[in-house]
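Hi,

Here is the structure I promised to pass on. Have a look first, and my notes follow below.

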Amino acid sequence: MRKLICNEIGAKWAEYIITMLLPKKGEAVFMLLNKEKVKKFISLIIIWIFNCLPIKNNKIFMVSYYGSQYGCNPKYISEYIMKNYPKGYFDIVWAFHDLGSKKHLTGFRKVKTMSLRYFYELCTSKVIVTNFRTTDLFIKRKHQFYIQTWHSSLRLKKIEKDAEDSLTADYVQLAKNDSKKCDLLLSGCEVSTDIFRRAFWYKGNIFQKGSPRNDVFFQLNTEVRMKILKQLNISLDSKLVLYAPTFRKDGSLEVYDLDYEWISDELSKRFGGNWIFLIKLHPHLLSKSDQLKFGKNVLDVTSYDDIQELLCISDILISDYSSLMFDFSITKRPCFLYIPDILDYQKNERNLYFDVKDLPFICAYSNKDLAGKIAGFHYAQYEESLNDFLSTIGSFENGKASEDLVKLINEVCFSDKRRKRSYATEAI
């Protein structure tokens, strides 16, 4: 047991904790615990120790999808700070599972998730920014400020309390605990604010300024496009269609049956050019994407960290029930929903906030149907429907979400409590 604990958190710390807190005669009790329980026990002791240390007022701790990527809202908040504030003004710390794959990232410090350093940085940061629920290994301190950015500006699938029947009891409890820690929640539109008020188990402030990750769609992205295309080894004159469906809870790949060659031909006939398919499955399916059959001019980009960059370079999006459709709507480019399993999905997966027929995006229920919808696409009609929809949902997106949020973060880090409360009240 001593060896197991030492391997998990480091020999010196583990020996100290064992010596001070776990008598040898009681070690047999801990032998009955499984490895995960031991890790959690040790982690909680470390957190307790580090939570006694001073908080560093300019330190911002960031994590996206539990450390699996450098992306989503936390990335764009981080990028805005690095571009617009002096070096060292904020001490930005990112947590990743695999530090080796993130060596190329600069401008901030990096820690490995669940390491001793990870807990130190988390416990001594003034601001914590994430896009997913935190676990009980984040014990928020009195003077810390936790920003929950969430991972969609609007969603089709029902979430949290609205989907409680399809969630595990453990997740529901985790979500409720996370909402109690939260100081600020970001919203991309009025409809999202209503959903959060009703379903997020949260009664605090909602920052109604848009989603930082969507600021990129309001910027001139020529250099970004060239960089990404070069990285993916795609010629600059290629037309790109991104297929980015969400996951099914059984992990099945059967529904992802697009006929890439047929659809590419139809895209060429309707829009011209030579088309390349980019396939981006949900992060839950990262280990399974290579099981799909790909053909000529089809690239698997499931492992690509930042979906927003892929949306930026894509001329057309094909999705299904993913919230990406709402992000992509800002570009005003065509979006098709390939949903052959719509009835089964609503029955066995999640109920939806919208009837898909009421959305501005073009729905297709088979490859033949999708090919026909592409051939008959009318841009003026699509754009009118899109504008009406964005008006109906009360979109807050204007390209300045990162700027507005970082102003608030600056106040939180460097202003007194009275001014911080005043600014937060005015901005929300």
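Let's start with helix H4, whose buried residues (under 20% relative accessible area, with a 1.4 Å probe and protein chains only) are Val-38, Ile-42, Ser-43, Ile-45, Ile-46, Ile-47 and Phe-50. Helices here are DSSP runs of H or I with at least four residues, strands are E runs of at least two, and both are numbered from the N terminus. H4 covers residues 35-50, and its 16 residues should span 22 Å at 1.5 Å a residue (1.5 Å times one less than the number of residues). The end C-alpha atoms of H4 are 23 Å apart, which agrees.

A quick word on where this comes from: it's a predicted model, where local features need pLDDT of at least 70 and side-chain atom pairs count only at pLDDT 80 or more, while totals for chains, interfaces and linings use all residues. Residues are numbered from 1 along each chain as its sequence is written, and side-chain values use heavy atoms, leaving out hydrogens and water.

Now the surface. Lys-161, Lys-176, Lys-180 and Lys-203 form a positive patch (like charges joined within 9 Å, from residues with over 30% relative accessible area and no salt bridge, i.e. no side-chain nitrogen of Lys or Arg within 4 Å of a carboxyl oxygen of Asp or Glu). Lys-161 sits in the loop between strand E5 and helix H7.

There's a negative patch too, made of Asp-257, Asp-259, Glu-261 and Asp-265. Asp-257 is in the loop between strand E8 and helix H10.

Lastly, Ser-366 lies in the loop between strand E13 and helix H14. Its C-alpha atom is 7.6 Å from that of Ile-339, 27 residues apart along the chain.

Cheers

Note on methods
Patches are made of residues with over 30% relative accessible area and no salt bridge: like charges are joined within 9 Å, nonpolar side chains (Val, Leu, Ile, Met, Phe, Trp, Tyr) within 5 Å. Accessible areas come from the Shrake-Rupley method with a 1.4 Å probe; for residues, only the protein chains shown count as cover. Lys and Arg count as positive and Asp and Glu as negative; His and the chain ends are not counted. The place of a charge is taken as NZ of Lys, CZ of Arg, CG of Asp or CD of Glu. Buried means under 20% relative accessible area, exposed over 50%, partly exposed in between (1.4 Å probe, protein chains only).
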